[in-house]
Amino acid sequence: MVKNKINIGINGFGRIGRAIFRINLNQNIFNVVAINDINPSIENLSYMLKYDSTYGTLDLNINSNDDHIIVDVIDPIKVYHNELISEVPWEKH
């Protein structure tokens with residue numbers, strides 16, 4: 001995690017959420033500390049981040065465990081699967 005940068009959470013990790021995430025990997029504007037997406041498969045979310053039909057393949061190691069997406073150049077990112085954004089504990093991050 002980069003110090004002195006704002007921590008953000010991304011609600012929705014579809015095309016737009018992943019695009020913002022990728023842009024931030026290049027520009028390092030903020031720390032993504034949490035993601036909320038209703039897709040129950042973190043493995044699938046990681047795969048879609050790595051392999052994008054529009055933006056191409058990320059040349060980074062991207063993995064997942066039970067509740068995090070792990071990108072080799074940043075801290076692990078906690079993933080939630082709440083339909084209601086108000087139920088995501090953003091304040092923990």
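## A five-stranded sheet and its helices

At 34% relative accessibility, asparagine 28 counts as partly exposed. This is a predicted model, and asparagine 28 sits in the loop between helix 1 and strand 2. From that loop we can look both ways: back to helix 1 and the way it meets helix 2, and onward to strand 2 and the sheet. The sheet is open and built from five strands in the order 1-2-7-6-5, with mixed pairing.

**The loop after helix 1**

- Asparagine 28 has a phi near 50 degrees, which is a positive value in a residue other than glycine.
- Its accessibility of 34% falls between the 20% limit for buried and the 50% limit for exposed, so asparagine 28 is classed as partly exposed.

**Helix 1 against helix 2**

- Two packed helices are described by the angle between their axes and by the distance between those axes.
- Here helix 1 covers residues 15-27 and helix 2 covers residues 42-50; their axes come within 10 Å and cross at roughly 60 degrees.
- Because of that angle, helix 1 is oblique to helix 2.
- The crossing of helix 1 and helix 2 has a right-handed sense.
- On the helix 1 side, Arg18, Phe21 and Arg22 take part in the contact, and they meet Met48, Leu49 and Lys50 of helix 2.
- Sorted by class, this contact of helix 1 with helix 2 holds three nonpolar residues, three charged residues and no polar ones.

**The sheet as a whole**

- Which strands form the edges of the sheet? They are strand 1 (7-11) and strand 5, each of which pairs on one side only.
- On average, neighbouring strands of this sheet are turned by 25 degrees against each other, ignoring direction.
- Strand 2, residues 31-36, pairs with strand 7 in the parallel sense over three bridges.
- Helix 2 packs on the sheet, where it touches strand 5, strand 6 and strand 7. The direction of helix 2 makes about 170 degrees with that of strand 5.

**Strand 6 and its two hairpins**

- Strand 5 (residues 62-64) and strand 6 run antiparallel and are joined by three bridges.
- Three residues link strand 5 to strand 6 in a hairpin, and serine 64 stands opposite isoleucine 69 in strand 6.
- On to the next partner: strand 6 and strand 7 (residues 77-80) also run antiparallel, with two bridges joining them.
- Strand 6 and strand 7 form a hairpin too, with five residues between them.
- In a regular strand the side chains alternate between the two faces of the sheet.
- Strand 6 (residues 68-71) shows such an alternation: Ile69 and Val71 point to one face and are buried, whereas His68 and Ile70 point to the other face and are not buried.

**Lysine 78, with partners in two strands**

- Lysine 78 lies in strand 7. Is this lysine 78 buried or exposed? With a relative accessible area of 18%, under the 20% limit, lysine 78 counts as buried.
- Histidine 68 stands opposite lysine 78, and alanine 34 stands opposite lysine 78 as well.
- Leaving out residues up to four places away in sequence, lysine 78 touches Val33, Ala34, Ile35, Asp67, His68 and His93.

**Valine 73 and threonine 57, two exposed residues**

- Valine 73 belongs to the loop between strand 6 and strand 7, and its 53% relative accessibility is over the 50% limit, so valine 73 counts as exposed.
- Not counting residues up to four places away in sequence, valine 73 touches Leu25 and Leu60.
- From valine 73 to asparagine 61 there are 12 residues in sequence and 8.4 Å in space, taken C-alpha to C-alpha.
- Threonine 57 lies in strand 4 (residues 56-57); with a relative accessible area of 52%, threonine 57 is exposed.
- Threonine 57 touches Arg22, Lys50 and Tyr51, again leaving out residues up to four places away in sequence. Arg22 and Lys50 have already appeared in the contact of helix 1 with helix 2.
- How far apart are threonine 57 and valine 73 in space? They are 16 Å apart, C-alpha to C-alpha, and 16 residues apart in sequence.

Definitions and conventions: Residues numbered from 1 in each chain as written. Predicted model: local features only at pLDDT ≥ 70, side-chain atom pairs only at ≥ 80, totals over all residues. Heavy atoms only, no water. Axes fitted to C-alpha atoms, helices over the stretch in contact; angles between N-to-C directions. Helix = DSSP H or I, 4+ residues; strand = E, 2+ residues; numbered from the N terminus. Parallel < 35°, antiparallel > 145°, perpendicular 65-115°, else oblique. Left-handed = near helix turned anticlockwise from the far one by under 90°. Contact = heavy atoms within 4.5 Å. Nonpolar A, V, L, I, M, F, W, Y, C, P; charged D, E, K, R; others polar. Buried < 20%, exposed > 50% of the residue type's maximum accessible area, 1.4 Å probe, protein only. Pairing = 2+ DSSP bridges.
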